[in-house]
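The following note was prepared for a colleague who asked for a reading of the coordinates. Its points are numbered so that each can be taken up separately.

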Amino acid sequence: GLLQKLGLDDDLIRLALPYVRQANTKFVDNNERREWCVNILKAMKVPEVVARITVELAYSLYKKELGKIGV
């Protein structure tokens, strides 16, 4: 409930997913990928705690996508 009040919802995760995909091609280090995505969301006025959770959830979806296409 609290995260939803702070703005975490499916739309925010869908918004973050393309950035997670892009970060995967831009950076080798997972930490750099994560921080790059979090900083983008923070620039969109998403609270940092919500941005971090959103990026982790979007990354989980991205890994499932990769599994479906056999990469």
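1. Asp9 is partly exposed, with a relative accessible area of 38%. Asp9 sits in the loop that links helix 1 (2-5) to helix 2. From Asp9 to Val50 the separation is 41 residues along the sequence and 9.8 Å in space, C-alpha to C-alpha. As with every value in this note, these figures come from a predicted model.

2. The overall architecture may be stated briefly. The secondary structure consists of four helices and zero strands, and the order of elements from the N terminus is α-α-α-α. The C-alpha trace spans about 35 × 25 × 15 Å along its principal axes. A compact globule of 71 residues would have a radius of gyration near 11 Å, and the protein agrees with this because its own value is 12 Å.

3. On burial and surface, 27% of the 71 residues count as buried. The protein exposes about 4,800 Å², and carbon and sulfur atoms supply 56% of that area. The protein has 12 positive and 9 negative charges; the mean positions of these two sets are 2 Å apart.

4. Which residues have the most contacts inside the largest nonpolar core? They are Leu12, Leu41, Val46 and Ala58, in a core of 16 residues. Two or more residues of this core are given by each of helix 2 (10-26), helix 3 (30-43) and helix 4 (48-69). Helix 2 provides the largest share, six residues.

5. Leu12 merits a separate entry. With neighbours within four places in sequence left aside, Leu12 is in contact with Gly7, Leu41, Val46, Val50 and Thr54. Two of these partners, Leu41 and Val46, are also listed with Leu12 among the residues that have the most contacts inside the largest nonpolar core.

6. Is Thr54 buried or exposed? Thr54, which is placed in helix 4, has a relative accessible area of 0% and is therefore buried. Beyond its neighbours within four places in sequence, Thr54 is in contact with Leu8, Leu12, Ile13, Ala16 and Leu41. The contact between Thr54 and Leu12 thus appears in the list of each residue.

7. Lys45 should be checked for its backbone geometry. Most residues other than glycine have a negative phi. Lys45 has a positive phi of about 70 degrees although it is not a glycine. Lys45 lies in the loop between helix 3 and helix 4. With a relative accessible area of 74%, Lys45 is exposed.

8. Lys42 lies in helix 3. Its relative accessibility is 33%, so Lys42 counts as partly exposed. Setting aside residues within four places in sequence, the contacts of Lys42 are Glu48 and Ala51. Lys42 and Arg52 are ten residues apart in sequence, and their C-alpha atoms are 9.3 Å apart in space.

9. Arg33 is a charged residue that a reader might wish to inspect. Arg33 is found in helix 3 and counts as buried at 17% relative accessibility, because the limit for that class is under 20%. Residues up to four places away in sequence not being counted, Arg33 touches Ala23, Asn24, Phe27 and Val28. Between Arg33 and Val55 there are 9.6 Å in space, C-alpha to C-alpha, at a sequence separation of 22 residues.

10. Asp29 is placed in the loop between helix 2 and helix 3. Asp29 is partly exposed, with a relative accessible area of 38%. How far apart are the C-alpha atoms of Asp29 and Ile53? They are separated by 18 Å, while the two residues are 24 apart along the chain.

11. A closing point concerns the contacts of the protein as a whole. Among contacts between residues at least 6 apart in sequence, 57% join residues at least 24 apart. The contact of Leu12 with Val50 and that of Thr54 with Leu8 may be viewed alongside this figure.

Notes: Residues are numbered from 1 along each chain as its sequence is written. This is a predicted model: local features need pLDDT of at least 70, side-chain atom pairs count only at pLDDT 80 or more; totals for chains, interfaces and linings use all residues. Side-chain values use heavy atoms; hydrogens and water are left out. A nonpolar core is a set of buried Ala, Val, Leu, Ile, Met, Phe, Trp, Tyr and Cys residues joined through side-chain atoms within 4.5 Å. Buried means under 20% relative accessible area, exposed over 50%, partly exposed in between (1.4 Å probe, protein chains only). Contact means heavy atoms within 4.5 Å. The radius of gyration is taken over C-alpha atoms; the globule rule is 2.2 Å times the number of residues to the power 0.38. Accessible areas come from the Shrake-Rupley method with a 1.4 Å probe; for residues, only the protein chains shown count as cover. Lys and Arg count as positive and Asp and Glu as negative; His and the chain ends are not counted. The place of a charge is taken as NZ of Lys, CZ of Arg, CG of Asp or CD of Glu.
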